[in-house]
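I opened my notebook to look up charges, rings and surface patches in a structure that is new to me. Come along and read over my shoulder.

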Amino acid sequence: MEPLDKTEQTALSLLLQNAITRFKVLNLNARRDDLLDPSESYSIGEVLLQHVDFLDAVQYLTVDEPDPALLRRLSKLDSRQGQDNPYSYWHFSKLLIDVRSLEKQLEVLREVFNDLNEEFHGRRQLEIGRNRFVGKWEPARREQLVKAMEIRELEFRKETEVLERYVGNGMDAARKIDDHYSWQLAKVETDINDWMERFDREKDDIDSRLQKARAKKRQWDEMKGEVERIKEEVAQLEVRERTLSEEAEHRRMCEKFAVRIQAWWRGVMVRKGFGKGKKKKGKKGAKKGAKKGKAKKSKK
């Protein structure tokens, strides 16, 4: 049975609610408890209440989201609706659950039956094919396997012979290579020893030369210091010589200009007639002598 959609659930809920309302209206009759059903087992009031409860249960089971008021009514069922009442909610729910459980079991059994039936037919067909073809196919297959194994055996033997030759050649080559590397190793060890001896000799030679070079460097440093000291002394002597030369030149120039100044002054004294060079009247000889002396001084 397919589940109802939302519209169908709403319509069914309205119909059930309308029927429940009608039953409740009938239950308003004051003589409902005095009247009995045809079996005279229940009163009309009890029958109406059972019908209302039954419709409430149907509405609860058919609607996905039942009304909370409906849930409260179902939780407050009359104690008279027990397991022996065929119209009670419990009896209807139990029957409905049993029916649904049986339907599910039936579907499961059908699926299991279909699976077993398919498996049986498959095995049956396989058995038929095996009986029909295996009897003829197995001898041919065995013969093919024997031939294939013989071919593989021959190939394996050939491959084994090739590998044995390859391994033998490899061993010979390995021995030759080992001999060659042993000779090379001995040669390298000899070369290393020779180089170590040469290194020791050259190291001693270089050490002695280095010591000589250091001694010579110290000697050159001392000589360089001496040369620097001599250069400083020469520079001092040159400065002193230059100073003395300048002083001598200054003295010579002073003496030269002093002589000129003295000569000029004597000439002035003579011309002006001051001091010893004063002119005397009446003495021509003295005048001439004075002129001659003046001429000589001017020549100088």
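Here are my entries, in the order I made them.

**Entry 1: what I am looking at**

I noted at the start that this is a predicted model. I then found helix H4, which covers residues 89–272, and I kept coming back to helix H4 in the entries on single residues.

**Entry 2: a charged patch**

Which residues form a negative surface patch? I wrote down six names: Asp191, Asp194, Glu197, Asp200, Asp204 and Asp205. I picked Asp191 for a second look and placed Asp191 in helix H4. Its relative accessible area is 33%. Patch members need over 30% relative accessible area and no salt bridge, so at 33% Asp191 passes the area part of that rule. I put Asp191 down as partly exposed.

**Entry 3: a nonpolar patch**

Next I looked for nonpolar side chains on the surface. I found a patch made by Phe257, Ile261, Trp264 and Trp265. Together these residues have about 500 Å² of accessible area. Trp264, one of the four, also sits in helix H4.

Is Trp264 buried or exposed? I have Trp264 down as exposed, because its relative accessibility is 54% and the exposed class begins over 50%. For Trp265 I noted 47%, so Trp265 counts as partly exposed.

**Entry 4: rings that pair**

How many aromatic pairs does a search of the whole structure find? My search gave 1 aromatic pair. The partners are Trp264 and Trp265, with ring centres 6.3 Å apart and 45° between the planes. I logged the pair as tilted, because planes under 30 degrees apart would count as stacked and those over 60 as edge-to-face. I was pleased to meet both names again, since Trp264 and Trp265 had already turned up in the nonpolar patch.

**Entry 5: salt bridges**

My count came to 11 salt bridges. I looked up some of them one by one.

I began with Glu107 and Arg110, whose closest N and O atoms are 3.7 Å apart. Why do I find them separated by about one helical turn? Glu107 and Arg110 are 3 residues apart in helix H4, and that spacing explains the turn. Glu107 is partly exposed at 41% relative accessibility, and Arg110 is partly exposed at 46%.

I went on to Asp221 and Lys217, where the closest N and O atoms are 3.3 Å apart. The two are 4 residues apart in helix H4, so about one helical turn separates them. I noted Asp221 as partly exposed, at 42% relative accessibility, whereas Lys217 counts as exposed, at 52%.

**Entry 6: a bridge with company**

I kept Glu226 and Arg229 for the end. Their salt bridge has its closest N and O atoms 1.9 Å apart in this model. Glu226 is partly exposed at 33% relative accessibility, and Arg229 is partly exposed at 38%. About one helical turn lies between the two, because they are 3 residues apart in helix H4. Which residues are joined with them into one network? I found Glu233: salt bridges that share partners join Glu226, Arg229 and Glu233.

**Entry 7: to look at again**

I marked two spots for my next reading: the negative patch that includes Asp191, and the tilted pair of Trp264 and Trp265.

Definitions and conventions. Residues are numbered from 1 along each chain as its sequence is written. This is a predicted model: local features need pLDDT of at least 70, side-chain atom pairs count only at pLDDT 80 or more; totals for chains, interfaces and linings use all residues. Side-chain values use heavy atoms; hydrogens and water are left out. Patches are made of residues with over 30% relative accessible area and no salt bridge: like charges are joined within 9 Å, nonpolar side chains (Val, Leu, Ile, Met, Phe, Trp, Tyr) within 5 Å. Accessible areas come from the Shrake-Rupley method with a 1.4 Å probe; for residues, only the protein chains shown count as cover. A salt bridge is a side-chain nitrogen of Lys or Arg within 4 Å of a carboxyl oxygen of Asp or Glu. Lys and Arg count as positive and Asp and Glu as negative; His and the chain ends are not counted. The place of a charge is taken as NZ of Lys, CZ of Arg, CG of Asp or CD of Glu. Buried means under 20% relative accessible area, exposed over 50%, partly exposed in between (1.4 Å probe, protein chains only). Rings of Phe, Tyr and Trp (its six-membered ring) pair if their centres lie within 6.5 Å; planes under 30 degrees apart count as stacked, over 60 as edge-to-face and the rest as tilted.
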